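Open the structure in your viewer and get ready to click along. Each stop on this tour tells you what to select and what to look for.

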Amino acid sequence: MERQRQESRKLDPFVYTLIYGLIVIAGAQLRIHMFTKNFVVSAGVILFALFMLVLDEFSTLPVVFISAVGVMITRAFAVAGGLVNPDAIWETGMPEFVFYIAYGVIIYIFFHYGKAQTSYGKTFIALAIPDFAANVLEMYIRSGESAMPVRVIGVLFLVALIRSGIIFAIYWMILKYGLPVVRIPRSEEENPAVKEAFALAKASDEAQQLAVDLKQAGASAEILEQADRLAEEIRKAMEVKEQEA
């Protein structure tokens, strides 16, 4: 019985990843057309980014791939008004497939390696840049032109700012007022070294944010130095635990 429960827990991450991907695909069907009848701005990206921000165990890259494939297929069916052959699926839906892959990879780098959640400003920038870059790439593929008009680039930048602003506003409200969300346990957390590494990583982020808040509040140089020293000590301890894990 215990073995069955353990095997069931191992399936959870995949099941939830699939569910999140399907939700993003469904959200992508809510869209508005821009520039051409095929270029669209959808709500799928909003759902994807919010999941990534509020869910501790959201698997960014797997959900990106599932969402990209699903949006590509559904978009091809929607354009054709029925079933189409595989070649037509790729030809019709490939630009949006590329958009989701580019958006997901860039935003993953920002948030997992660039510490984009250490301040509100960094968070907003890390939301807007992937959106703009992915939109430019998708539009370039659709148009097939080596250069796009400045007006089009400006509109794409505005779209990225607006959509990122919506995501950021919802995220801020969740942080301020709270929202019950699903937390998927990792089987690896049974390892004490991994559990300590996770705890230290969270403490490191909080210590860095504390240092930023103190600086903005005009704290004395002595207090700022102590806060920086604390953040550095936690960071070093986290690196040691990550190596042990």
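Accessible areas here come from the Shrake-Rupley method with a 1.4 Å probe. With that in mind, show the surface of the whole chain: about 14200 Å² is exposed, and carbon and sulfur atoms supply 63% of that area. Please remember as you go that this is a predicted model.

**Stop 1: the whole chain**

Switch to a cartoon view. You should find 8 helices and 2 strands. Starting from the N terminus, follow the elements in the order α-β-β-α-α-α-α-α-α-α. Of the 245 residues in the chain, 34% are buried. How do contacts in the chain reach along the sequence? Taking contacts between residues at least 6 apart in sequence, 70% join residues at least 24 apart.

**Stop 2: a nonpolar patch on the surface**

Now select Phe14, Val15, Leu18, Ile19, Leu22 and Ile23, which make a nonpolar surface patch of about 510 Å². Click on Val15 and you are in helix 1. Is Val15 buried or partly exposed? Its relative accessibility is 38%, so Val15 counts as partly exposed.

Leu18 is also placed in helix 1. Leu18 is partly exposed because its relative accessible area is 34%, which falls between the 20% limit for buried and the 50% limit for exposed. The spacing of neighbours on a helix is worth a thought here. An α-helix has 3.6 residues a turn, so residues three or four places apart point the same way.

Keep Leu18 selected and add Ser67. These two are 49 residues apart in sequence, yet their C-alpha atoms are 9.0 Å apart in space.

**Stop 3: the nonpolar core**

Hide the surface and look inside. The largest nonpolar core has 38 residues, and Tyr103 and Leu127 touch the most other members. Which helices supply at least two residues each to this core? They are helix 1 (2-27), helix 2 (44-54), helix 3 (60-80), helix 4 (86-113), helix 5 (120-143) and helix 6 (150-177).

Select Tyr103 and show what surrounds it. Leaving out residues up to four places away in sequence, Tyr103 touches Val45, Phe48, Ala49, Leu127, Pro130, Asp131, Ala134 and Ile167.

**Stop 4: a salt bridge**

One of those contacts of Tyr103 is Asp131, so select Asp131 together with Arg163 next. Their side chains meet in a salt bridge, at 2.7 Å from N to O. Asp131 belongs to helix 5 and Arg163 to helix 6, so this pair ties together parts that are 32 residues apart in sequence. Side chains of opposite charge can pair when their charged atoms come close. How many salt bridges does a search of the whole structure find? The search finds 1.

Are the two partners buried or exposed? Asp131 is buried, with a relative accessible area of 0%. Arg163 counts as buried too, at 5% relative accessibility.

**Stop 5: along helix 6**

Select helix 6 by itself. Its 28 residues should span 40 Å at 1.5 Å a residue, and its end C-alpha atoms are indeed 40 Å apart. Then colour its buried residues: Val152, Leu156, Val159, Ala160, Arg163, Ser164, Ile167, Phe168, Tyr171 and Ile174.

**Stop 6: back to helix 5**

Finish at Ala133, which lies in helix 5. Ala133 is partly exposed, with a relative accessible area of 31%. Add Phe99 to the selection: Ala133 and Phe99 are 34 residues apart in sequence and 8.7 Å apart in space, from C-alpha to C-alpha.

Methods. Residues are numbered from 1 along each chain as its sequence is written. This is a predicted model: local features need pLDDT of at least 70, side-chain atom pairs count only at pLDDT 80 or more; totals for chains, interfaces and linings use all residues. Side-chain values use heavy atoms; hydrogens and water are left out. A nonpolar core is a set of buried Ala, Val, Leu, Ile, Met, Phe, Trp, Tyr and Cys residues joined through side-chain atoms within 4.5 Å. Buried means under 20% relative accessible area, exposed over 50%, partly exposed in between (1.4 Å probe, protein chains only). Helices (H or I, at least four residues) and strands (E, at least two) are DSSP runs, numbered from the N terminus. Contact means heavy atoms within 4.5 Å. Patches are made of residues with over 30% relative accessible area and no salt bridge: like charges are joined within 9 Å, nonpolar side chains (Val, Leu, Ile, Met, Phe, Trp, Tyr) within 5 Å. A salt bridge is a side-chain nitrogen of Lys or Arg within 4 Å of a carboxyl oxygen of Asp or Glu. The expected span of a helix is 1.5 Å times one less than its number of residues.
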